[in-house]
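Visitor: I'm new to reading structures, so please pick a single part and walk me through it slowly. I'd like to follow how the pieces fit together.

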Amino acid sequence: MRMRFLRFTLLFTVCVAASLAGVCQNTTRIGIIVPLTGSQAAFGEALKNGYLIAVDEINAKGGVLGKKLELDFYDDQSKPDQAVQGVSKLVDQDRVPLLIGSFSSESTKAIIPSVTQRQVPLIIPAANADNVMESKSPWVFRICSGAADYARATLAFLKDNGAPKTIAIVYENTNFGQGAMKAMSAAAPLAGLKIVAVESYEAKSPDYRSVLRRVKQANPDVIYFCSYLLDATTLMRQSQEIDLNARYYTSAGTGFAVAEFPTAKGAGKNAEYTISIAQWVPTARWTGSSEFDAEYFKRYGSHPAHHGMFGYESLQIAVRAITDAKSLDSAKVRDALRNLNLRMTPFGPIKFDAVGQNQHPVLVTQVQGGQYRIVYPPDAADSKPIIPAPRWADRR
């Protein structure tokens with residue numbers, strides 16, 4: 001009787017210690033760091049919407065390793081230091097075997113040392129600054145393209161559509177903005193464009209008129225904005241107010257590519273004719289894209305931009321890696337991610353290179369009639385670009 005009691009006590013102790021990892025429960029938990037409050041909350045909401053669609057699909061098919069999948073969300077409040085605390089909470093306390101997150105390049109770059117130290121795989125859904133991947137950590141995998149890819153795709157579009165000669169870069173003074181600015185500053189001269197102005201600004205300012213007036217004085221053919229949603233909205237409204245007319249309003253995605261940007265919640269009519277990088281749109285010709293769009297619209301009443309897809313596909317990849325590994329062991333899950341080679345997903349092909357970067361194709365979109373239309377590359381386009389952008393005085 002004493003021996004049986006000791007065995008029961010030992011088993012109970014092991015289960016309590018392992019319960020947060022789902023070992024003795026009928027669930028598997030994945031940790032997600034996402035900005036649900038703060039300046040980046042709109043992006044965080046879109047990401048979370050994608051995660052929730054994915055988890056429902058996964059559980060409807062039986063979950064992961066025979067257990068129900070649960071998501072352990074941590075709100076980083078749009079702050080890098082909070083994102084770092086999220087790693088500690090999710091890994092050290094909740095014992096999740098894998099992390100997805102965050103959103104901004106600053107927050108994501110901040111958590112990589114903590115993730116690497118703890119030897120837990122991290123899937124990055126959205127942070128596109130090139131220096132996010134400079135650590136070459138074997139535990140880090142990014143599904144989105146980087147800032148250099150954005151610059152190259154924008155310049156290829158410009159070369160094939162009017163070949164402008166001059167460009168101005170307007171960027172927010174954050175890791176994301178600096179990364180996008182440096183990528184375009186390096187690539188534009190090689191593509192034959194003269195940089196006539198480079199202007200930085202502090203994020204979330206109510207007034208960018210002085211920055212925009214300096215750009216107007218430089219008279220560029222192209223303006224390349226590197227901005228989040230609140231700033232993108234203000235920049236385009238104030239461009240109209242000071243009558244800043246460029247032939248091309250282009251951007252490094254982000255605020256110019258979020259679903260709210262061309263609506264009344266964003267820049268509205270001032271968003272018309274803006275050209276942006278996008279990594280996914282509902283009309284993308286990848287198997288499952290239209291189905292995801294339909295489900296997103298059914299649940300949330302709006303069509304998603306690529307941020308919702310970032311969340312959806314990141315979680316699908318995480319579960320695929322756990323399934324391939326047949327284990328929640330972090331090292332085995334990491335190796336499974338490294339060996340993934342998916343020829344077709346709703347986000348396109350998925351395959352990580354030696355430093356954990358997915359080689360994702362980039363699309364160029366333009367807002368036309370309040371909708372994002374794919375205008376480049378030609379084999380993916382569903383519309384022709386409208387160039388040059390009409391002058392503000394000629395718009396209705």
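Guide: Happy to! Let's begin with a definition: a helix here is a DSSP run of H or I with at least four residues, and helices are numbered from the N terminus. Keep in mind that you are looking at a predicted model. Our part is helix α9, which covers residues 289-300. From first C-alpha to last, its 12 residues reach 16 Å, close to the 16 Å expected at 1.5 Å a residue. Just after α9 comes G301, with a positive phi of about 75°.

Now let's see which way the side chains point. Buried means under 20% relative accessible area, and in α9 the buried residues are S289, F292, D293 and Y296. Viewed down the axis of α9, these residues fall within an arc of 100°, so they line one face of the helix. Here is a handy rule: an α-helix has 3.6 residues a turn, so residues three or four places apart point the same way. On the face turned away from the buried side, α9 carries the exposed residues E291 and K298.

What lies over the buried side? Its cover includes α2 (41-60) and α10 (306-325). Follow α10 a little further, and you come to the largest cavity, where α10 gives the most to the lining, with 3 residues. That cavity has a volume of about 90 Å³. Its lining is made up of 13 residues, and F103, A126, N128, T254 and H307 lie nearest its centre. By type, the lining divides into 7 nonpolar, 6 polar and no charged residues.

Terms used: Residues numbered from 1 in each chain as written. Predicted model: local features only at pLDDT ≥ 70, side-chain atom pairs only at ≥ 80, totals over all residues. Heavy atoms only, no water. Helix = DSSP H or I, 4+ residues; strand = E, 2+ residues; numbered from the N terminus. Expected span 1.5 Å × (residues − 1). Buried < 20%, exposed > 50% of the residue type's maximum accessible area, 1.4 Å probe, protein only. Arc of directions from axis to C-beta. Contact = heavy atoms within 4.5 Å. 1 Å grid on protein atoms, 1.4 Å probe; cavity = no way out; pocket = protein on both sides within 12 Å on 5 of 7 lines; lining within 4 Å. Points joined across faces, edges and corners; volume = space filled by probe spheres on them. Nonpolar A, V, L, I, M, F, W, Y, C, P; charged D, E, K, R; others polar.
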